[in-house]
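Biologist: Please show the sequence together with the structure. I should then like to put some questions about confidence, surface and charge pairing.

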Amino acid sequence: MDQTPTPAAPLPPADEDPPIPYVKLSELMIAFTQMSSLSFGGGLTAWARTILVERRQWLTEEQFLRSLAIVQVLPGPNTIKLAVYVGAHLRGPLGALASVFGLIAMPMVIVLGLGVYYFNSGNSPNLQNVLIGLGVCAAGMAYSLALKLFTKHSRDPLFVTFGLLSFVLIAFVHMKMLPTVIGLGIISVIFYRNQLTKTAPVKPPPPSP
């Protein structure tokens, strides 16, 4: 009777990013034009997640978080870096150019027009009230994004721990964002790497001849 051992079943493949969808350059430009036209005073990140992840589904939640982590630790305006990263990820250098153009074209026209109106009208109380109201909306959108991300990953103790720690250090200890993000980022990578090493499936030994 043949006693040849049955080969072990192959291990399931590790989680990988889904295939990159084909996106037209015009679609990239329109998407980032929507973001820049609808966001005010820092609310672009929330709109970026809504458009890229929820509406168009060009990125997964994990890919979007990864892009935020990368643009936060690099020098320069975060919104421009986000447009370059996403555009390059989807369509290469031309995609990065299309995304940046869509991001800055409409706001440039709007800001130039408002600037002419502002300096011609002087310190209008009505205009001041409008600007204050837009700032409140931007803050609300930023808090909404933070709440969505926190709720989605609330069962991850490392995510909750490092998220709360970074909030405390920046909001109450008044540490600067860059050293906080870099320092906690390095520590969190070490913790997550150790966690993945512990939970990784053990490869069965090869069958004996």
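Biologist: Among the elements of the protein chain, which helix has the lowest mean pLDDT and which the highest?

Modeller: This is a predicted model, in which local features need pLDDT of at least 70, side-chain atom pairs count only at pLDDT 80 or more, and totals for chains, interfaces and linings use all residues. Residues are numbered from 1 along each chain as its sequence is written, and side-chain values use heavy atoms, with hydrogens and water left out. The score pLDDT is the predictor's confidence in each residue, from 0 to 100, while helices (H or I, at least four residues) are DSSP runs numbered from the N terminus. Among the elements, the lowest mean, 75, belongs to helix α5 (residues 125-152), and the highest, 92, to helix α1 (residues 25-38).

Biologist: Over which residues is the pLDDT below 50?

Modeller: The protein chain averages a pLDDT of 80, and 83% of the residues score at least 70. One stretch has 6 contacts (heavy atoms within 4.5 Å) beyond near neighbours in sequence. The pLDDT below 50 is found there, over residues 1-14.

Biologist: Which helix supplies the largest share of the nonpolar patch?

Modeller: A patch is made of residues with over 30% relative accessible area and no salt bridge, nonpolar side chains (Val, Leu, Ile, Met, Phe, Trp, Tyr) being joined within 5 Å; areas come from the Shrake-Rupley method with a 1.4 Å probe. The patch here covers about 750 Å² and includes Ile70, Val73, Leu178 and Phe191. Both α3 (61-73) and α7 (177-199) supply at least two residues each. The largest share, 6 residues, comes from α7.

Biologist: Why does Ile182 count as partly exposed?

Modeller: Ile182 lies in helix α7 and belongs to the nonpolar patch. Buried means under 20% relative accessible area, exposed over 50%, and partly exposed in between (1.4 Å probe, protein chains only). Ile182 is therefore partly exposed, because its relative accessibility is 36%.

Biologist: Which residues are joined into one network by salt bridges that share partners?

Modeller: A salt bridge is a side-chain nitrogen of Lys or Arg within 4 Å of a carboxyl oxygen of Asp or Glu, and the count comes to 2. Arg49 pairs with Glu54, their closest N and O atoms being 2.4 Å apart. Arg49 also pairs with Glu61 at 3.0 Å between the closest N and O atoms, linking helix α2 (residues 44-55) to helix α3 across 12 residues. The network thus formed joins Arg49, Glu54 and Glu61.

Biologist: Is Glu61 buried or exposed?

Modeller: Its partner Arg49 counts as buried because its relative accessibility is 8%, whereas Glu54, at 36%, counts as partly exposed. Glu61 has a relative accessibility of 8% and so counts as buried.

Terms used
Patch = residues over 30% accessible without salt bridge, like charges linked within 9 Å, V, L, I, M, F, W, Y side chains within 5 Å.
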